[in-house]
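Here is a short set of exercises to work through with the model open beside you. Try each task yourself before reading its solution.

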Amino acid sequence: MRKKTFKTLEQQIDILEEKGLIIEDYNYAKYKLLRENYFFLSGYRHIFMQSHHDSKFVEGTTFEEIYSMFLFDRKIRNIFFKNVLVIENNVKSIMSYHLSKKYGHNDRDYLNPNNYDLDPMRIRQVKDVLTKMKRQIRVNGKKHSATLHYINNYGYIPLWILVKVLSLGIISEFFAILKEEDKEVISTEYDITPETLSIYLSILANYRNLCAHEDILYNHKTQRAIPDNDFHKKLNIETFEGEYVYGKNDLYAAVIILKVLLSSQEFREFVNEFSYEVQLLAGKVSTVPINKILIKMGFPENWKDIIDIE
């Protein structure tokens with residue numbers, strides 16, 4: 001097995017030049033490599049390669065183009081992140097309202113295992129999720145002003161406060177263990193099925209973590225795929241062997257999720273912000289057509305038409 005060894009900034013630049021990358025400003029490249037990390041920057045090189053099997057860059061590719069792709073991904077990551085946070089807050093509010101209304105606001109009541117899916121196949125999952133929630137009360141309860149206030153003054157934390165310290169991942173798991181009638185009430189708020197909302201929350205949790213840790217977003221693929229829906233049909237997204245080519249487990253699938261879970265105005269603002277960054281990138285990258293980058297992201301040519309689809 002080959003061992004990875006430390007490379008100086010000069011050696012890192014030499015490697016890039018050997019692969020055909022044009023370094024127009026040597027000091028600029030050193031500055032960016034030091035501050036942004038060679039590993040992270042090189043993660044965007046693939047779109048500029050001549051082929052999947054060739055480690056050479058497309059002729060004419062510059063360091064500035066790769067860095068522009070890096071910045072584009074950072075900017076759209078921030079755009080996605082802030083919109084996922086909006087959805088996260090909405091879902092937490094809706095869930096805590098309906099569940100508190102039905103089961104009470106004392107954590108001893110709403111965390112009672114009998115209030116959740118009683119299927120024998122789910123018992124272990126229910127226990128695991130409720131244990132995670134109780135751990136959050138124990139570990140984070142005194143670290144946040146709102147939870148601390150309720151502990152000191154009332155001796156318990158109501159669900160509408162507890163959700164503030166729960167991750168979207170735990171919220172996704174929490175939704176999965178609810179009784180079917182409770183899932184139905186919550187998913188009806190978005191006019192989708194409980195199964196679809198469960199998948200959406202799981203995928204959004206994955207994207208939230210990716211965005212929070214500055215991982216590569218633009219070509220990310222999720223393990224789960226969203227169900228076929230009217231957006232796929234109305235956008236006339238092409239199919240291959242009966243499966244939609246775009247908008248299933250790629251970044252455009254996340255766009256479809258935002259379309260469903262955000263308000264119309266919020267989604268329109270998201271598309272406008274995202275489109276602006278695409279236009280900026282198109283003006284900075286010339287060796288690779290912007291359409292190729294969009295395809296890599298899973299975006300059909302008419303991707304913006306989703307704004308006006310009801």
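**Exercise 1.** In this predicted model, find out which side chain of opposite charge is nearest to Asp 107, and how far away that side chain is.

*Solution.* Start with the location: Asp 107 belongs to helix 5, which covers residues 107-110. Next, look for a charged partner. The nearest side chain of opposite charge is that of Arg 108, 5.2 Å away. A salt bridge needs the two charged groups within 4 Å, and Asp 107, although buried, has none. Now turn to the backbone: the Asp 107 side chain reaches the backbone nitrogen of Ile 157 at 3.0 Å. Finally, list the contacts beyond four places in sequence: Ile 137, Tyr 156 and Ile 157.

**Exercise 2.** Check the length of helix 4 against the span expected at 1.5 Å a residue, and see what follows the helix.

*Solution.* Helix 4 has 41 residues, so at 1.5 Å a residue it should span 60 Å. The C-alpha atoms at its ends are 58 Å apart, which agrees with that expectation. Then step past the end: just after helix 4, Gly 104 has a positive phi of about 100°.

**Exercise 3.** Describe the largest nonpolar core and say which helix gives the largest share of it.

*Solution.* Begin with the count: this core holds 99 residues. The residues with the most contacts inside it are Phe 80, Met 133, Phe 174, Leu 261 and Met 297. Helix 4 (residues 63-103) supplies the largest share, 16 residues. Then pick one of the well-connected residues. Beyond four places in sequence, Met 133 contacts Leu 111, Leu 159, Leu 162, Leu 166, Ile 170 and Phe 174. As general background, nonpolar side chains tend to be buried together in soluble globular proteins.

**Exercise 4.** Two residues that are not glycine have a positive phi here, Asp 191 and Glu 214. Place each one and decide: buried, partly exposed or exposed?

*Solution.* Most residues other than glycine have a negative phi. Take Asp 191 to begin with: its phi is about 60°, and it sits in the loop joining helix 10 (180-188) to helix 11 (194-212). Because its relative accessibility is 71%, Asp 191 counts as exposed. Move on to Glu 214, where phi is about 55°. Glu 214 is in the loop between helix 11 and helix 12 (230-234). With a relative accessible area of 36%, Glu 214 is partly exposed.

**Exercise 5.** Work out what surrounds Thr 61, and which backbone atom its side chain meets.

*Solution.* Thr 61 lies in the loop between strand 2 (54-57) and helix 4. Its relative accessible area is 0%, so Thr 61 is buried. A polar atom of the Thr 61 side chain is 2.7 Å from the backbone oxygen of Val 58. Leaving out residues up to four places away, Thr 61 touches Gly 20, Leu 21, Ile 22, Phe 48, Ile 66 and Thr 287.

**Exercise 6.** Characterise Leu 41, then find how far it is from Thr 193 in sequence and in space.

*Solution.* Leu 41 is part of helix 3 (residues 38-42). At a relative accessible area of 3%, Leu 41 is buried. Its contacts beyond four places in sequence include Phe 63, Ile 66, Tyr 67 and Phe 70. Leu 41 and Thr 193 are separated by 152 residues in sequence and by 40 Å between C-alpha atoms. For scale, the C-alpha atoms of the protein fill a box of roughly 65 × 45 × 40 Å along the principal axes.

Terms used: Residues are numbered from 1 along each chain as its sequence is written. This is a predicted model: local features need pLDDT of at least 70, side-chain atom pairs count only at pLDDT 80 or more; totals for chains, interfaces and linings use all residues. Side-chain values use heavy atoms; hydrogens and water are left out. Helices (H or I, at least four residues) and strands (E, at least two) are DSSP runs, numbered from the N terminus. Buried means under 20% relative accessible area, exposed over 50%, partly exposed in between (1.4 Å probe, protein chains only). Lys and Arg count as positive and Asp and Glu as negative; His and the chain ends are not counted. A polar contact is a pair of N or O atoms within 3.5 Å; within protein, one must be able to donate a hydrogen and the other to accept it, and residues adjacent in sequence count only if both atoms are side-chain atoms. Contact means heavy atoms within 4.5 Å. A nonpolar core is a set of buried Ala, Val, Leu, Ile, Met, Phe, Trp, Tyr and Cys residues joined through side-chain atoms within 4.5 Å. The expected span of a helix is 1.5 Å times one less than its number of residues.
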